[in-house]
Amino acid sequence: KELEKEPVPAKYDITIVPKIAVSGEGTEEIKPIIDDVNKFSLNTVVYTNMKSKEMQASVSAKYNSKDLLALDMFMKETMAYMKINPILAKYVSVDTEMDLFAESKIDNKDIVKMLDGLEAAYKKTAKDEYFTKADKTLKIDGTDVEVKANTLDLNSTNMPKFMKALFQALKDDKEFVNALVNIVNASTETMTDTMAGMEDQLGDMSMEVEKITAAKVEELFDDIIEAEDKEFEGMDTKITIYSIKKDLVGFEIDVPEMAMRMLTKDKTTILEISKFDEEFKKTSEFEEIVRFVENGDTTTITATIEEEGTKVVLAFDVTVKEDTKYTMTLPKTEDIYTEDELSQLSQNLSAMDEEAILTMFAETPGFQEFTQSNIYQLLMLSAGSGMMEDMGLGNILGGFTQNEPVAPETPGVEVTPEEEVVPEVNTPVVDTPAVEKPVVNTPVVETPEVEDNTVNSTATKSE
């Protein structure tokens, strides 16, 4: 029924906060770094409206609840707008010339018919003799719980009968076959149209795809129906549904190689897999892999690893908020770089040395705090001199301009591999991030002296 409804566009605001912990022998030295990791948080905002051909995606990182880095992107039909804080003060606009909002040609009514056909075929095929029912005691989140276990047991004897009868029922259901044909052909057509719209960017990637027919689907089903029983050997499967009265509390899937189950108690859901012996064969015991605990809009995801006296708890709080009344607003014209501004900004960033780049990032409150962290000190000591210069920030923007910016030649100066020349550039007034030089705590690293390129908050003056 839900599939038959018109989808409602919504904005999803997702925040991820780590809560990692370590304990045991040899973990004292790593605990300060883990504490620093737990100060990070990541936020993502996603909005898509296929009908109006709009999309918004943003990713922002915070350190100790203060802004560190942010990327914003908007799309309207073929136009894309992107801004990276603190590198870009305005948005970069690009005409992608690609329609990323190609409407799917799949009719939801066909999906409903296919699902109805599968359900009807299963009910017709799954005989009572394939099922076993029993009362069972399960340990869910440390507590013994009495449940009803209803198991579909498909073994080497009844698996061939079940599979052949199932596909015979599907073959006889003409509505199911026609719906499946429509879905497959519509998917292929949607993909072909999308690829055709990307020829200018990716070249001609068109391909001849023969459409599927009802006769071909029935022929495929006949291959399964007429297969020999030995073709189904080694496919033994047990599917168990656990319930209390009419409430579902979990399920279990058991195949020859392993078993997996998911159990729910109150607002806690636990994923478990079978334990293995020394020969890596499954046993009847289970161990917890990950748990999900719901608390309003927030779900805490936790995985625990214990080995040789060391315990690592990987936990993350994931908060998801939905807004179905959200309306996307594109950046204003004055907030978008002109082509000349963008070309100039690219040159300015290319000319920046390591100190200038660090200074630019240090304007964000989160970065100032991050420079005090153990992680930052470790990264700087490991990378050494030249780490930031190698980032090539100017190249980030070079691809968005018609001609890649080239620094003007300096008359009378011959550049050799042993020499570095910083060209003089006359720059117009450009709105770029303020980069006054606060103190940045970094390890003492010897670097070659270069001319100081200072970027003013209202005008760019590279000297």
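**Exercise 1.** State whether Arg 261 and Glu 272 are buried or exposed in this predicted model, and find what links them.

Solution.
Step 1. A residue counts as buried when its relative accessible area is under 20%. Arg 261 is buried, and so is Glu 272.
Step 2. Look at the side chains: Arg 261 and Glu 272 form a salt bridge, with their closest N and O atoms 2.7 Å apart.
Step 3. Place the two residues in the chain. Arg 261 belongs to strand β12 (residues 259–265) and Glu 272 to strand β13 (residues 268–276), 11 residues apart.
Step 4. Check for another partner of Arg 261. Its side chain also meets that of Glu 252 in a salt bridge, at 3.9 Å from N to O. Both Glu 252 and Arg 261 are buried.

**Exercise 2.** Find how many salt bridges the structure holds, and describe the one between Glu 218 and Lys 174.

Solution.
Step 1. The count for the structure is 21 salt bridges.
Step 2. In the pair Glu 218 and Lys 174, the closest N and O atoms are 2.9 Å apart. The cut-off for a salt bridge is 4 Å.
Step 3. Glu 218 sits in helix α6 (residues 214–225) and Lys 174 in helix α4 (residues 174–196), so the bridge ties together parts that are 44 residues apart in sequence.
Step 4. Lys 174 has 46% relative accessibility and therefore counts as partly exposed.

**Exercise 3.** Describe the largest pocket by its volume and its lining.

Solution.
Step 1. The volume of the largest pocket is about 570 Å³.
Step 2. Its lining consists of 20 residues, and those nearest the centre are Glu 6, Pro 7, Met 50, Lys 51 and Glu 103.
Step 3. Two elements, β3 and α2 (108–125), give two or more residues to this lining.
Step 4. Sorted by character, the lining has 8 nonpolar, 4 polar and 8 charged residues.

**Exercise 4.** Name the residues of the nonpolar surface patch of about 490 Å², and place Leu 42 within the structure.

Solution.
Step 1. The patch is made by Ile 16, Leu 42, Val 59, Leu 71, Ile 305, Leu 314 and Phe 316.
Step 2. Leu 42 is part of strand β3 (residues 40–49).
Step 3. A patch residue needs over 30% relative accessible area. Leu 42 has 36% relative accessibility, and so counts as partly exposed.

**Exercise 5.** Describe the backbone at Pro 86, Asn 64 and Phe 280.

Solution.
Step 1. Start from the usual case: most residues other than glycine have a negative phi, and most peptide bonds are trans.
Step 2. The peptide bond joining Asn 85 and Pro 86 is cis, with omega about 15 degrees. Pro 86 lies in the loop between β6 (79–85) and β7 (92–95).
Step 3. Asn 64 has a positive phi, near 55 degrees. Asn 64 is placed in the loop between β4 (54–63) and β5 (66–76), and is partly exposed, with a relative accessible area of 33%.
Step 4. Phe 280 also has a positive phi, near 60 degrees. The loop between β13 and β14 (282–295) holds Phe 280. Phe 280 counts as exposed because its relative accessibility is 61%, and the cut-off for exposed is over 50%.

**Exercise 6.** Place Ala 165 in the structure, and give its distance from Ile 225 in sequence and in space.

Solution.
Step 1. Ala 165 is in helix α3 (residues 159–172).
Step 2. Its relative accessible area is 34%, so Ala 165 is partly exposed.
Step 3. Ala 165 and Ile 225 are 60 residues apart in sequence, while their C-alpha atoms are 7.5 Å apart in space.

Key:
Residues numbered from 1 in each chain as written. Predicted model: local features only at pLDDT ≥ 70, side-chain atom pairs only at ≥ 80, totals over all residues. Heavy atoms only, no water. Patch = residues over 30% accessible without salt bridge, like charges linked within 9 Å, V, L, I, M, F, W, Y side chains within 5 Å. Areas by Shrake-Rupley, 256 points an atom, 1.4 Å probe, with all protein chains shown as cover. Helix = DSSP H or I, 4+ residues; strand = E, 2+ residues; numbered from the N terminus. Buried < 20%, exposed > 50% of the residue type's maximum accessible area, 1.4 Å probe, protein only. 1 Å grid on protein atoms, 1.4 Å probe; cavity = no way out; pocket = protein on both sides within 12 Å on 5 of 7 lines; lining within 4 Å. Points joined across faces, edges and corners; volume = space filled by probe spheres on them. Nonpolar A, V, L, I, M, F, W, Y, C, P; charged D, E, K, R; others polar.
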